[in-house]
Each structure stands twice: as structure tokens, then as C-alpha cells.
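Subject: Structure handover

Hello,

Here is the structure, with notes on what turned up in it. Please look it over before you set anything up.

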Amino acid sequence: MNCKKILCIDAGGTFFKYGVYRQDGERVTDVMQVPSRSDGSKEEILASYRRIILDVEEQVGFDAIGISTPGPFDYATGTSGMKHKYAAIYGVSLKEEFGAFTSKPVFFVSDTNAFLLGEYTGEVCKYQNVLGVTIGTGLGLSVIYGGALLKGPTGGVAEVIYNLPYGDGIAEDAVSARGIVATYGKEISAKEVAMAAFDGDRTAREVYCRMGVALGTVLKESIKKYHAELILIGGQVAKSIELFGDAVEKTANIKVLPARSFEEAALRGISNEYFNYYGKSV
């Protein structure tokens, strides 16, 4: 059987993670990563993409390229609208730039949507209305309604929650890695706060519990709007879900589950999107 293959790239703020997937769902390479240089020049950012695409094409080959990236971003044209990271490619069409070194078709998907698409498999599919939440340096929300992913007008997320009012600021101030650090009040990472909580630090545990309450509160309107039955939580902060998951469930009165694959969900989501939609016309 001659299976089509897609190169999937998850463009994070620190690293590009990538791998090649076949139409039958099998991954045919390791999940690899290189620095994304999100704070670098346009040439440096494009060089990271070029290195991945050319190296993988030489080693295993592929039929198309799929990229998950945060927003704001015009996913239809491949044009970045970000200023907080990848600022050097603001207003640049990556589709056009890629044409200088590859003839393969390229498509783009929201990183939060890719996460949910990658996790919406198996037993999870018994739920028709699901919210996917990613918590890391920022806060993202994706929506599956009636068993289908909802998208915004530029192909991104259907619902934005990071800037919803909460407390004296916005939701992302309370629900994010930086929010955890700010609430804890010491110059250490969110991961280190979690480690302290697991070691019995009551203040650290309270910080995560408060974040869970904040997230549950922020999600209430979206839960009601989309008749959500389940919340899936991913992102780096979700690795500590046992510290805040119960608080989300109790506050929002909904079932909460962690991502089953923290490292690969977005890549599998890109693959699923391609073979279920884009790949039919390529």
C-alpha cells in the first residue's frame, strides 16, 4: 500500500517539534525538535523551517507539510499576525516564503485546534461537545461541537478566552505559567512551583488550586454556550493537572481529563486535519 505521508511541524515559542505521519496514522520518524528562534530575525526563523523541511525530505520524503502555530495568524494564507513572538515575520506569508525551497503543498492550523484534534480519538469521541484547553506561556481554547471542530473566520480558534476579564486583570494573568509564578511570588518557574507543591509546600498547592478555580470560572460561559460534556487540558502546565484538575471540575461542574500525549498531540492533530480535509484535494 502506497500511503501518503505528511511532515507535521508544531511551532512553539522555544522549539519546533516535528515528525512524519502516514495516512494510516503511523508515525514513521521519531518526534524531533530544533530551536524555533521565535525571537530571532526573519532569516533565522525561516532557516529553522528550511532545515527541517529539506532534511526530512531527503531522509524519508513526504507529500505535504502541515504546521501548527499560535495566533493571531491567518491560517488560510499562512500569514503571521503575531507581535509578542515571531515578531520578525509579522505580516509575512510563510506559504510564499516556503516556495523558495519546497514545492510541497503547505497548510496551517491553530496550535490549540491541533491539540484538540490530536486528542479527540478513541473513547473521547463518545463525547460530542468537548472543550480543549492549553495552558503554557498563554491560555488557549478550542471547541468540538456536534463531533466537529469549530473554527474562526481566519481558520483559527472559534472562541478566545485568554483576554476575558478576571479579577483585576484578564484570564491569562491567572491561568498560565507566568500567572502561577506571579501568584507564588518567587522568581522560579511554574514547574518548580509544581515540584514544591508535590513536596508538600502548602502555599504552592494553594497557588495551583486557585488557578483551577480561575479556569473553571472563566470556562463557565463556554461550557454553557457549547453544551460541553468534557474538558481536555494540555500544554506544559497540564502536566501538573493533579494539582488543579479537581478545582476545575468542582468550579465548572464538568468532567476534566488531561492530555494523553503531551508531546505528540498537536502533531497528530495536524496529521488528522490533513488526511480528513486537506489531503482529499491534494
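A search of the whole structure finds one cavity of 30 Å³ or more. A cavity here is a set of points on a 1 Å grid over the protein atoms alone where a 1.4 Å probe fits but cannot get out; a pocket is an open set with protein on both sides within 12 Å along at least five of seven lines; lining residues have an atom within 4 Å of a point. Grid points are joined across faces, edges and corners, and volume is the space filled by probe spheres set on them.

Before the details, the ground rules. This is a predicted model: local features need pLDDT of at least 70, side-chain atom pairs count only at pLDDT 80 or more, and totals for chains, interfaces and linings use all residues. Residues are numbered from 1 along each chain as its sequence is written, and side-chain values use heavy atoms, leaving out hydrogens and water.

**Cavity.** The largest cavity holds about 40 Å³ of space. Its lining includes Tyr49, Ile67, Thr69, Phe73 and Phe108. By class, the lining has eight nonpolar residues, one polar and no charged (nonpolar: Ala, Val, Leu, Ile, Met, Phe, Trp, Tyr, Cys, Pro; charged: Asp, Glu, Lys, Arg; polar: the others, Gly among them).

**Strand β7.** Phe108 belongs to the cavity lining and also sits in β7, residues 106-110. Strands are DSSP runs of E, at least two residues; helices are runs of H or I, at least four; both are numbered from the N terminus. Five of the five residues in β7 are buried (under 20% relative accessible area, 1.4 Å probe, protein chains only). Val106, Phe108 and Ser110 cover one side, Phe107 and Val109 the other. β7 pairs with β4 (64-69) in the parallel sense over five bridges (DSSP must find at least two). Ser68 stands opposite Val109.

**Second largest pocket.** About 190 Å³ of space lies there. It is lined by 15 residues, with Tyr166, Ala174, Thr183, Arg210 and Ala214 nearest its centre. β12 (169-170), α4, α5 and α7 each give two or more residues to the lining. α7 gives the largest share, five residues. The split is eight nonpolar, four polar and three charged.

**Helix α5.** In α5 (177-184), Gly179, Ile180, Val181 and Tyr184 are buried. Gly185 follows α5, with a positive phi near 85°.

**Disulfides.** The count is zero (cysteine sulfur pairs within 2.5 Å).

Best regards

Note on methods: Buried means under 20% relative accessible area, exposed over 50%, partly exposed in between (1.4 Å probe, protein chains only).
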